[in-house]
Amino acid sequence: MHQLGIEPKSVPWEDDMPIAAKKKYDIQKLKGLLSAEFEMKDLGAARKILGMEIIRDRERRKLFLSQRSYIQKVLARGDTQCLVTGYFDSDYAGDVDTRRSMTGYVFTLGGSVVSWKATLQPTVTLSATEAEYMALTEAAKEGIWLKGLVNLFYPEDFVSHLSN
């Protein structure tokens, strides 16, 4: 830690701290520096973070996060109906530099957020109405995908609602 210019003081116990870097060498170097100053043990590659499963495709050098177990827990809460509620909005010409509008949506399943997005629209719209239609289209596509996902687990108990 001295090599990093950090003087160790009283440090509280931190459990399961993930370390990420592009090069394995950098991770090993940091682990070496930390273990020289603190008692620690290597738990290996992370399998979960913030309740999401980490899926590795080492061949393609990709990482994926899955909320499958979280969604299954939400669906198993005992409701006979799976209520998916979606909200969307747009901010017409909100980007002052490009005059592009913002699209935003959020979907809840059983009262818990399962999907959200906030992004600039790909094109400049000519009116607030057109910006709203573009936002609605993006939200509807996500809603259709979520419906398909929920139908995998509960084919006949799906209820949806989309609101602006």
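**View 1. Confidence across the predicted model.** The protein has a mean pLDDT of 81, and 79% of its residues reach 70 or more. This is a predicted model. Confidence is highest in strand 5, residues 102-109, at a mean of 92. Confidence is lowest in strand 7, residues 158-163, where the mean is 62.

**View 2. The stretch at residues 8-12.** Here pLDDT stays under 50. The model has 4 contacts beyond four places in sequence for residues 8-12. Where pLDDT is low, predicted coordinates should not be read in detail.

**View 3. A nonpolar patch on the surface.** Ile 49, Leu 50 and Leu 65 make this patch. The patch covers about 330 Å². Ile 49 sits in strand 1, which runs over residues 48-49. The relative accessible area of Ile 49 is 33%, so the residue counts as partly exposed. That value also clears the cut-off for patch residues, which is over 30%.

**View 4. Ala 139 in helix 3.** Helix 3 spans residues 128-153 and includes Ala 139. Ala 139 is buried because its relative accessible area is 0%, and the cut-off for buried is under 20%. Gly 86 is 53 residues away along the chain, yet its C-alpha atom lies 7.5 Å from that of Ala 139. A second C-alpha pair joins Ala 139 with Lys 117. These two residues are 22 apart in sequence and 8.9 Å apart in space.

**View 5. Glu 142, a buried charge.** Glu 142 also belongs to helix 3. Glu 142 is buried and has no salt bridge. The nearest side chain of opposite charge is that of Lys 117, 7.2 Å away. A salt bridge needs a nitrogen-to-oxygen distance within 4 Å, so at 7.2 Å Lys 117 does not form one with Glu 142. Beyond four places in sequence, Glu 142 is in contact with Tyr 105, Phe 107 and Ser 115.

**View 6. Lys 117 in strand 6.** Strand 6 covers residues 112-120 and holds Lys 117. Lys 117 is partly exposed, with a relative accessible area of 34%, whereas Glu 142 is buried. Leaving aside neighbours within four places in sequence, Lys 117 is in contact with Thr 103, Gly 104, Tyr 105 and Glu 138. Tyr 105 is thus a contact of Lys 117 and also of Glu 142.

Definitions and conventions:
Residues are numbered from 1 along each chain as its sequence is written. This is a predicted model: local features need pLDDT of at least 70, side-chain atom pairs count only at pLDDT 80 or more; totals for chains, interfaces and linings use all residues. Side-chain values use heavy atoms; hydrogens and water are left out. Patches are made of residues with over 30% relative accessible area and no salt bridge: like charges are joined within 9 Å, nonpolar side chains (Val, Leu, Ile, Met, Phe, Trp, Tyr) within 5 Å. Accessible areas come from the Shrake-Rupley method with a 1.4 Å probe; for residues, only the protein chains shown count as cover. Helices (H or I, at least four residues) and strands (E, at least two) are DSSP runs, numbered from the N terminus. Buried means under 20% relative accessible area, exposed over 50%, partly exposed in between (1.4 Å probe, protein chains only). pLDDT is the predictor's confidence in each residue, from 0 to 100. Contact means heavy atoms within 4.5 Å. Lys and Arg count as positive and Asp and Glu as negative; His and the chain ends are not counted.
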